[in-house]
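Good morning, colleagues. Please take a moment to look at the sequence and the structure on the screen before I begin.

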Amino acid sequence: MSVVARVSRALSRASLSRACADGRVVASANALRDHSSAAMSQTATPTRELGAVYTDWRKEEVRAMYARPLLELVHDAARVHRMHHDPRQVQRCTLLSIKTGGCPETCNYCAQSSSWKGETKLKAEKLMGVDEVIEAARRAKEQGSTRFCMGTAWRGPSQVGTGQFERVLEMTREVKEMGMEVCATLGMLTPEQAVQLKDAGLTAYNHNLDTSPEYYGKVTTSRKYEDRLNTIAAVREAGISVCCGGILGLGEEEADRASLMTVLATLPEHPESVPINALVPVEGTPFKDMKPPSGLEMVRAIAVARILMPATVVRLSAGRINMTPETQALCFLAGANSVFTGDKLLTTPNNEKDEDAFLFEELGLEGRPAFVPYGAGGPSSDGSEWTESMHRQAQQQQKH
Ligand code: SF4
(Lines give C-alpha, C1' and ligand atoms only; values in the text may rest on other atoms or scores of the structure.)
Protein backbone atom coordinates (compact mmCIF):
# COMPACT_ATOMS: atom_id res chain seq x y z
CA MET A 1 0.00 0.00 0.00
CA SER A 2 1.34 3.45 -0.86
CA VAL A 3 2.05 6.08 1.80
CA VAL A 4 -0.78 8.22 0.39
CA ALA A 5 -3.18 5.31 0.59
CA ARG A 6 -2.09 4.53 4.16
CA VAL A 7 -2.54 8.15 5.27
CA SER A 8 -5.90 8.37 3.57
CA ARG A 9 -6.94 5.13 5.26
CA ALA A 10 -5.87 6.40 8.68
CA LEU A 11 -7.71 9.68 8.10
CA SER A 12 -10.82 7.80 7.10
CA ARG A 13 -10.70 5.79 10.30
CA ALA A 14 -10.06 8.89 12.40
CA SER A 15 -12.93 10.76 10.80
CA LEU A 16 -15.20 7.78 11.43
CA SER A 17 -14.22 7.65 15.11
CA ARG A 18 -14.84 11.37 15.50
CA ALA A 19 -18.20 11.08 13.78
CA CYS A 20 -19.24 8.37 16.21
CA ALA A 21 -17.79 10.09 19.24
CA ASP A 22 -19.84 13.25 18.77
CA GLY A 23 -23.03 11.38 18.13
CA ARG A 24 -23.03 11.48 14.35
CA VAL A 25 -23.11 8.21 12.55
CA VAL A 26 -21.18 7.33 9.46
CA ALA A 27 -20.86 10.43 7.42
CA SER A 28 -19.40 9.06 4.26
CA ALA A 29 -19.06 5.81 2.40
CA ASN A 30 -15.35 6.62 2.05
CA ALA A 31 -14.86 6.21 5.79
CA LEU A 32 -16.19 2.71 5.57
CA ARG A 33 -14.60 1.57 2.35
CA ASP A 34 -11.59 0.00 4.05
CA HIS A 35 -13.79 -2.05 6.32
CA SER A 36 -15.82 -3.72 3.68
CA SER A 37 -15.92 -5.11 0.25
CA ALA A 38 -19.66 -4.65 0.57
CA ALA A 39 -19.44 -0.86 0.72
CA MET A 40 -20.20 -0.71 -2.95
CA SER A 41 -21.48 2.75 -3.46
CA GLN A 42 -19.18 5.63 -4.34
CA THR A 43 -22.08 8.01 -3.74
CA ALA A 44 -21.83 10.06 -0.55
CA THR A 45 -24.03 8.72 2.20
CA PRO A 46 -26.19 11.35 3.90
CA THR A 47 -25.25 12.37 7.41
CA ARG A 48 -27.32 10.52 9.96
CA GLU A 49 -27.79 11.50 13.55
CA LEU A 50 -27.23 8.58 15.84
CA GLY A 51 -30.48 7.71 17.60
CA ALA A 52 -32.76 9.71 15.28
CA VAL A 53 -35.58 7.83 13.55
CA TYR A 54 -35.31 7.68 9.75
CA THR A 55 -37.44 5.74 7.27
CA ASP A 56 -35.40 6.62 4.17
CA TRP A 57 -32.39 4.32 4.65
CA ARG A 58 -30.69 3.30 1.45
CA LYS A 59 -29.60 -0.25 0.81
CA GLU A 60 -25.96 0.71 0.29
CA GLU A 61 -25.89 2.63 3.58
CA VAL A 62 -27.23 -0.40 5.40
CA ARG A 63 -24.75 -2.69 3.67
CA ALA A 64 -21.93 -0.40 4.71
CA MET A 65 -23.24 -0.33 8.27
CA TYR A 66 -23.54 -4.10 8.23
CA ALA A 67 -19.86 -4.37 7.30
CA ARG A 68 -18.53 -2.13 10.09
CA PRO A 69 -16.10 -3.54 12.67
CA LEU A 70 -18.32 -5.36 15.12
CA LEU A 71 -17.29 -3.62 18.32
CA GLU A 72 -17.73 -0.14 16.83
CA LEU A 73 -21.16 -1.17 15.63
CA VAL A 74 -22.09 -2.55 19.05
CA HIS A 75 -20.80 0.59 20.73
CA ASP A 76 -23.05 2.81 18.61
CA ALA A 77 -25.98 0.44 18.99
CA ALA A 78 -25.58 0.49 22.78
CA ARG A 79 -25.67 4.28 22.73
CA VAL A 80 -28.82 4.32 20.62
CA HIS A 81 -30.37 1.73 22.90
CA ARG A 82 -29.82 3.95 25.93
CA MET A 83 -31.39 6.95 24.20
CA HIS A 84 -34.70 5.14 23.68
CA HIS A 85 -34.94 2.33 26.22
CA ASP A 86 -34.12 1.39 29.76
CA PRO A 87 -31.16 -0.94 29.09
CA ARG A 88 -31.87 -2.98 32.23
CA GLN A 89 -35.29 -3.97 30.95
CA VAL A 90 -35.69 -7.07 28.82
CA GLN A 91 -39.20 -8.24 28.09
CA ARG A 92 -40.04 -11.89 28.60
CA CYS A 93 -42.51 -13.18 26.02
CA THR A 94 -44.12 -16.56 25.72
CA LEU A 95 -44.97 -18.06 22.35
CA LEU A 96 -47.52 -20.85 22.26
CA SER A 97 -48.37 -22.90 19.21
CA ILE A 98 -52.17 -23.05 19.52
CA LYS A 99 -52.56 -24.98 16.26
CA THR A 100 -49.59 -27.15 15.36
CA GLY A 101 -48.73 -28.80 12.05
CA GLY A 102 -50.64 -29.46 8.83
CA CYS A 103 -49.76 -26.08 7.33
CA PRO A 104 -50.40 -25.74 3.57
CA GLU A 105 -47.49 -23.29 3.19
CA THR A 106 -44.01 -24.44 2.20
CA CYS A 107 -41.50 -22.52 4.33
CA ASN A 108 -38.40 -24.64 3.83
CA TYR A 109 -37.17 -24.15 7.40
CA CYS A 110 -40.41 -25.09 9.12
CA ALA A 111 -41.38 -28.42 10.65
CA GLN A 112 -45.06 -27.58 10.46
CA SER A 113 -45.55 -27.68 6.70
CA SER A 114 -47.67 -30.63 5.60
CA SER A 115 -45.46 -30.90 2.49
CA TRP A 116 -42.76 -32.83 4.38
CA LYS A 117 -44.78 -34.34 7.19
CA GLY A 118 -43.60 -37.80 6.03
CA GLU A 119 -40.01 -36.79 6.84
CA THR A 120 -40.58 -34.70 9.99
CA LYS A 121 -43.21 -37.09 11.39
CA LEU A 122 -44.92 -34.06 12.91
CA LYS A 123 -48.59 -34.80 13.44
CA ALA A 124 -51.16 -32.12 12.71
CA GLU A 125 -53.13 -31.14 15.80
CA LYS A 126 -56.43 -29.35 16.22
CA LEU A 127 -56.79 -25.76 17.36
CA MET A 128 -56.49 -25.70 21.16
CA GLY A 129 -59.46 -24.84 23.33
CA VAL A 130 -59.85 -21.40 24.90
CA ASP A 131 -59.49 -22.67 28.48
CA GLU A 132 -56.27 -24.52 27.75
CA VAL A 133 -54.73 -21.44 26.16
CA ILE A 134 -55.81 -19.15 28.99
CA GLU A 135 -54.28 -21.57 31.48
CA ALA A 136 -51.00 -21.45 29.54
CA ALA A 137 -51.12 -17.64 29.49
CA ARG A 138 -51.72 -17.60 33.24
CA ARG A 139 -48.68 -19.82 33.82
CA ALA A 140 -46.59 -17.62 31.51
CA LYS A 141 -47.63 -14.53 33.44
CA GLU A 142 -46.76 -16.16 36.76
CA GLN A 143 -43.31 -16.85 35.38
CA GLY A 144 -42.77 -13.22 34.45
CA SER A 145 -43.95 -13.02 30.83
CA THR A 146 -45.66 -9.78 29.95
CA ARG A 147 -46.44 -10.66 26.35
CA PHE A 148 -48.24 -13.77 25.16
CA CYS A 149 -48.05 -14.77 21.49
CA MET A 150 -50.31 -17.34 19.88
CA GLY A 151 -49.26 -19.05 16.65
CA THR A 152 -51.30 -21.12 14.21
CA ALA A 153 -49.92 -23.19 11.34
CA TRP A 154 -52.36 -21.65 8.89
CA ARG A 155 -52.00 -19.91 5.56
CA GLY A 156 -54.41 -17.47 7.16
CA PRO A 157 -57.78 -17.37 8.92
CA SER A 158 -59.54 -17.42 5.51
CA GLN A 159 -58.29 -20.98 5.05
CA VAL A 160 -60.19 -22.22 8.13
CA GLY A 161 -63.82 -21.95 9.25
CA THR A 162 -65.07 -18.77 10.95
CA GLY A 163 -65.60 -20.81 14.14
CA GLN A 164 -61.85 -21.26 14.54
CA PHE A 165 -61.09 -17.61 13.94
CA GLU A 166 -63.83 -16.69 16.44
CA ARG A 167 -62.12 -18.92 18.96
CA VAL A 168 -58.82 -17.07 18.46
CA LEU A 169 -60.67 -13.79 18.93
CA GLU A 170 -62.05 -15.10 22.23
CA MET A 171 -58.55 -16.16 23.34
CA THR A 172 -57.32 -12.67 22.45
CA ARG A 173 -60.02 -11.00 24.53
CA GLU A 174 -59.32 -13.18 27.56
CA VAL A 175 -55.52 -12.86 27.47
CA LYS A 176 -55.84 -9.10 27.12
CA GLU A 177 -58.07 -9.01 30.20
CA MET A 178 -55.23 -10.63 32.14
CA GLY A 179 -53.17 -7.45 31.62
CA MET A 180 -50.71 -9.00 29.17
CA GLU A 181 -49.73 -7.73 25.76
CA VAL A 182 -51.30 -10.17 23.33
CA CYS A 183 -49.82 -11.01 19.97
CA ALA A 184 -50.95 -13.43 17.28
CA THR A 185 -49.34 -14.95 14.23
CA LEU A 186 -52.06 -16.50 12.07
CA GLY A 187 -50.69 -16.09 8.54
CA MET A 188 -52.12 -13.79 5.90
CA LEU A 189 -54.93 -11.46 6.99
CA THR A 190 -57.57 -9.56 5.10
CA PRO A 191 -58.18 -5.95 6.22
CA GLU A 192 -61.49 -7.09 7.78
CA GLN A 193 -59.81 -9.82 9.83
CA ALA A 194 -57.22 -7.31 11.03
CA VAL A 195 -60.03 -5.02 12.25
CA GLN A 196 -61.70 -7.94 14.06
CA LEU A 197 -58.44 -8.71 15.84
CA LYS A 198 -58.03 -5.07 16.79
CA ASP A 199 -61.58 -4.99 18.18
CA ALA A 200 -60.82 -8.11 20.24
CA GLY A 201 -57.94 -6.20 21.84
CA LEU A 202 -54.94 -7.60 19.98
CA THR A 203 -51.80 -5.63 20.85
CA ALA A 204 -49.53 -6.81 18.04
CA TYR A 205 -49.55 -9.01 14.99
CA ASN A 206 -46.46 -11.00 14.03
CA HIS A 207 -45.77 -11.52 10.35
CA ASN A 208 -42.09 -12.04 9.57
CA LEU A 209 -40.51 -11.19 6.24
CA ASP A 210 -37.94 -13.92 6.97
CA THR A 211 -35.27 -12.70 4.51
CA SER A 212 -34.59 -10.29 1.66
CA PRO A 213 -37.03 -9.84 -1.25
CA GLU A 214 -34.22 -11.11 -3.53
CA TYR A 215 -33.78 -14.40 -1.63
CA TYR A 216 -37.40 -15.01 -0.65
CA GLY A 217 -38.08 -17.42 -3.55
CA LYS A 218 -35.50 -19.81 -2.08
CA VAL A 219 -37.34 -19.87 1.25
CA THR A 220 -40.86 -20.53 0.02
CA THR A 221 -42.79 -20.57 -3.22
CA SER A 222 -46.28 -20.83 -1.77
CA ARG A 223 -46.61 -17.06 -1.36
CA LYS A 224 -44.91 -13.85 -2.43
CA TYR A 225 -43.03 -11.19 -0.52
CA GLU A 226 -45.74 -8.78 -1.58
CA ASP A 227 -48.36 -10.93 0.20
CA ARG A 228 -46.40 -10.44 3.41
CA LEU A 229 -46.21 -6.69 2.90
CA ASN A 230 -49.96 -6.53 2.22
CA THR A 231 -50.76 -8.23 5.51
CA ILE A 232 -48.37 -5.92 7.35
CA ALA A 233 -50.13 -2.94 5.75
CA ALA A 234 -53.56 -4.31 6.80
CA VAL A 235 -52.32 -4.74 10.37
CA ARG A 236 -50.94 -1.19 10.46
CA GLU A 237 -54.13 0.20 8.93
CA ALA A 238 -56.23 -1.53 11.62
CA GLY A 239 -54.17 0.18 14.33
CA ILE A 240 -52.46 -2.95 15.61
CA SER A 241 -48.75 -2.72 16.31
CA VAL A 242 -46.51 -4.55 13.87
CA CYS A 243 -44.12 -7.34 14.85
CA CYS A 244 -41.98 -8.22 11.87
CA GLY A 245 -38.47 -9.59 11.57
CA GLY A 246 -36.44 -12.33 10.02
CA ILE A 247 -34.42 -15.50 10.31
CA LEU A 248 -30.66 -15.77 9.84
CA GLY A 249 -29.15 -18.97 8.48
CA LEU A 250 -31.49 -19.77 5.58
CA GLY A 251 -28.55 -19.88 3.18
CA GLU A 252 -28.70 -16.14 2.51
CA GLU A 253 -25.72 -13.83 1.95
CA GLU A 254 -24.86 -10.94 4.22
CA ALA A 255 -26.23 -8.67 1.48
CA ASP A 256 -29.63 -10.35 1.96
CA ARG A 257 -29.52 -9.62 5.66
CA ALA A 258 -28.78 -5.98 4.93
CA SER A 259 -31.56 -5.94 2.35
CA LEU A 260 -34.09 -7.36 4.84
CA MET A 261 -33.04 -4.70 7.37
CA THR A 262 -33.48 -2.02 4.71
CA VAL A 263 -37.02 -3.20 3.96
CA LEU A 264 -37.93 -3.14 7.66
CA ALA A 265 -36.34 0.24 8.26
CA THR A 266 -38.03 1.87 5.26
CA LEU A 267 -41.58 0.79 6.00
CA PRO A 268 -43.76 3.91 6.38
CA GLU A 269 -43.45 3.35 10.14
CA HIS A 270 -40.88 1.07 11.74
CA PRO A 271 -42.33 -2.13 13.18
CA GLU A 272 -42.75 -1.68 16.93
CA SER A 273 -41.23 -5.12 17.33
CA VAL A 274 -38.50 -6.83 15.30
CA PRO A 275 -37.71 -10.46 16.16
CA ILE A 276 -34.27 -11.66 15.05
CA ASN A 277 -34.25 -15.44 14.79
CA ALA A 278 -31.43 -17.91 14.18
CA LEU A 279 -32.38 -20.96 12.21
CA VAL A 280 -32.78 -24.06 14.33
CA PRO A 281 -32.48 -26.73 11.62
CA VAL A 282 -35.15 -29.40 11.92
CA GLU A 283 -34.61 -32.94 10.66
CA GLY A 284 -36.85 -33.72 7.70
CA THR A 285 -37.21 -30.14 6.46
CA PRO A 286 -35.55 -28.99 3.22
CA PHE A 287 -33.27 -26.69 5.28
CA LYS A 288 -32.20 -29.40 7.72
CA ASP A 289 -28.53 -29.08 6.65
CA MET A 290 -28.34 -25.29 6.63
CA LYS A 291 -25.66 -23.80 8.85
CA PRO A 292 -27.14 -21.63 11.60
CA PRO A 293 -25.55 -18.19 12.09
CA SER A 294 -22.81 -17.76 14.66
CA GLY A 295 -23.55 -15.89 17.87
CA LEU A 296 -21.56 -12.91 16.61
CA GLU A 297 -23.59 -12.81 13.40
CA MET A 298 -26.68 -12.53 15.59
CA VAL A 299 -25.04 -9.73 17.60
CA ARG A 300 -24.27 -7.89 14.37
CA ALA A 301 -27.85 -8.22 13.09
CA ILE A 302 -29.24 -6.97 16.40
CA ALA A 303 -26.86 -4.00 16.47
CA VAL A 304 -27.82 -3.00 12.92
CA ALA A 305 -31.53 -3.35 13.73
CA ARG A 306 -31.07 -1.21 16.85
CA ILE A 307 -29.30 1.61 14.98
CA LEU A 308 -31.75 1.56 12.07
CA MET A 309 -34.88 1.32 14.23
CA PRO A 310 -33.99 3.07 17.49
CA ALA A 311 -37.40 2.98 19.18
CA THR A 312 -38.31 -0.59 18.25
CA VAL A 313 -38.27 -3.55 20.63
CA VAL A 314 -35.66 -5.90 19.15
CA ARG A 315 -36.36 -9.47 20.14
CA LEU A 316 -33.64 -12.08 20.49
CA SER A 317 -35.80 -14.99 19.40
CA ALA A 318 -35.30 -18.54 18.08
CA GLY A 319 -31.84 -20.04 18.37
CA ARG A 320 -31.05 -18.46 21.74
CA ILE A 321 -30.79 -21.97 23.11
CA ASN A 322 -27.52 -22.42 21.22
CA MET A 323 -25.97 -19.22 22.58
CA THR A 324 -23.63 -18.92 25.52
CA PRO A 325 -24.58 -16.48 28.30
CA GLU A 326 -21.70 -14.28 27.09
CA THR A 327 -23.11 -14.06 23.55
CA GLN A 328 -26.57 -13.29 24.91
CA ALA A 329 -25.02 -10.54 27.05
CA LEU A 330 -23.48 -9.02 23.91
CA CYS A 331 -26.90 -9.19 22.21
CA PHE A 332 -28.43 -7.23 25.10
CA LEU A 333 -25.59 -4.71 24.94
CA ALA A 334 -26.21 -4.35 21.20
CA GLY A 335 -29.84 -3.48 21.85
CA ALA A 336 -31.90 -6.65 22.19
CA ASN A 337 -34.60 -5.99 24.76
CA SER A 338 -36.79 -9.04 24.62
CA VAL A 339 -36.43 -12.79 24.81
CA PHE A 340 -38.83 -15.67 24.48
CA THR A 341 -39.25 -17.83 27.52
CA GLY A 342 -40.98 -21.18 27.90
CA ASP A 343 -39.87 -24.70 27.02
CA LYS A 344 -40.59 -24.39 23.32
CA LEU A 345 -40.69 -21.85 20.53
CA LEU A 346 -43.52 -23.31 18.44
CA THR A 347 -41.92 -26.68 17.73
CA THR A 348 -38.24 -26.01 18.50
CA PRO A 349 -36.65 -26.18 21.99
CA ASN A 350 -35.99 -23.07 24.06
CA ASN A 351 -33.93 -22.08 27.09
CA GLU A 352 -34.73 -23.45 30.55
CA LYS A 353 -36.59 -21.16 32.96
CA ASP A 354 -33.91 -21.42 35.67
CA GLU A 355 -31.09 -20.64 33.24
CA ASP A 356 -32.89 -17.46 32.26
CA ALA A 357 -33.50 -16.43 35.85
CA PHE A 358 -29.80 -16.89 36.56
CA LEU A 359 -28.81 -14.94 33.43
CA PHE A 360 -31.09 -12.04 34.33
CA GLU A 361 -29.68 -11.95 37.84
CA GLU A 362 -26.10 -12.14 36.71
CA LEU A 363 -26.51 -9.37 34.14
CA GLY A 364 -28.62 -7.19 36.43
CA LEU A 365 -31.58 -7.30 34.08
CA GLU A 366 -35.22 -6.94 35.01
CA GLY A 367 -38.39 -7.89 33.16
CA ARG A 368 -39.89 -5.22 30.97
CA PRO A 369 -43.49 -4.63 32.03
CA ALA A 370 -46.36 -4.81 29.54
CA PHE A 371 -47.34 -1.72 27.57
CA VAL A 372 -44.20 0.32 28.04
CA PRO A 373 -44.11 2.92 25.26
CA TYR A 374 -42.09 1.68 22.31
CA GLY A 375 -40.18 4.89 21.81
CA ALA A 376 -39.24 7.36 24.52
CA GLY A 377 -42.42 9.32 25.14
CA GLY A 378 -44.30 7.56 22.33
CA PRO A 379 -47.64 5.84 22.62
CA SER A 380 -47.72 2.48 24.33
CA SER A 381 -48.32 -0.68 22.39
CA ASP A 382 -52.07 -0.55 22.99
CA GLY A 383 -52.33 3.13 22.17
CA SER A 384 -52.84 4.28 25.77
CA GLU A 385 -50.57 6.73 27.51
CA TRP A 386 -47.88 5.34 29.75
CA THR A 387 -47.18 7.19 32.95
CA GLU A 388 -44.51 6.84 35.57
CA SER A 389 -47.06 5.60 38.12
CA MET A 390 -48.32 2.93 35.69
CA HIS A 391 -44.71 1.87 35.25
CA ARG A 392 -44.24 1.49 38.99
CA GLN A 393 -47.54 -0.39 39.30
CA ALA A 394 -46.51 -2.82 36.59
CA GLN A 395 -43.16 -3.41 38.28
CA GLN A 396 -44.95 -4.13 41.55
CA GLN A 397 -47.27 -6.56 39.77
CA GLN A 398 -44.30 -8.33 38.32
CA LYS A 399 -42.73 -8.82 41.71
CA HIS A 400 -45.86 -10.64 42.99
S1 SF4 B 1 -43.59 -20.91 9.00
FE2 SF4 B 1 -45.78 -20.68 9.40
S3 SF4 B 1 -46.66 -20.41 7.37
FE4 SF4 B 1 -44.63 -21.31 7.05
S5 SF4 B 1 -44.98 -23.53 6.98
FE6 SF4 B 1 -44.48 -22.99 9.10
S7 SF4 B 1 -46.46 -22.69 10.09
FE8 SF4 B 1 -46.81 -22.61 7.89
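I shall speak about one helix, then about a pair of helices, and finally about the surroundings of the ligand. Please bear in mind that this is a predicted model.

Let me begin with helix H10, which covers residues 225-238. H10 contains 14 residues, and the distance from its first C-alpha to its last is 20 Å, close to the 20 Å expected at 1.5 Å a residue. Which residues of H10 are buried? They are Tyr225, Arg228, Thr231, Ile232, Ala234, Val235 and Ala238. These buried residues pack against three helices and two strands by name: helix H8 (191-199), helix H9 (216-219) and helix H11 (254-265), together with strand E6 (204-206) and strand E7 (241-243). Just after H10 comes Gly239, with a positive phi of about 90°.

I turn now to the pair. Two packed helices are described by the angle between their axes and by the distance between those axes. For helix H7 (residues 162-177) and H8, the angle is about 30° and the axes lie 9 Å apart. Angles under 35 degrees count as roughly parallel, and H7 and H8 are therefore roughly parallel to each other. On the H7 side, Phe165, Glu166, Leu169 and Thr172 make the contact, while H8 contributes Gln193, Gln196 and Leu197. By class, the residues of this contact are three nonpolar, three polar and one charged.

Finally, the ligand. Around the ligand are Cys103, Glu105, Cys107, Tyr109, Cys110, Gln112, Ser113, Ala153 and Arg223. This shell comprises five nonpolar, two polar and two charged residues.

Key:
Residues numbered from 1 in each chain as written. Predicted model: local features only at pLDDT ≥ 70, side-chain atom pairs only at ≥ 80, totals over all residues. Heavy atoms only, no water. Helix = DSSP H or I, 4+ residues; strand = E, 2+ residues; numbered from the N terminus. Expected span 1.5 Å × (residues − 1). Buried < 20%, exposed > 50% of the residue type's maximum accessible area, 1.4 Å probe, protein only. Contact = heavy atoms within 4.5 Å. Near = heavy atom within 4 Å. Nonpolar A, V, L, I, M, F, W, Y, C, P; charged D, E, K, R; others polar. Axes fitted to C-alpha atoms, helices over the stretch in contact; angles between N-to-C directions. Parallel < 35°, antiparallel > 145°, perpendicular 65-115°, else oblique.
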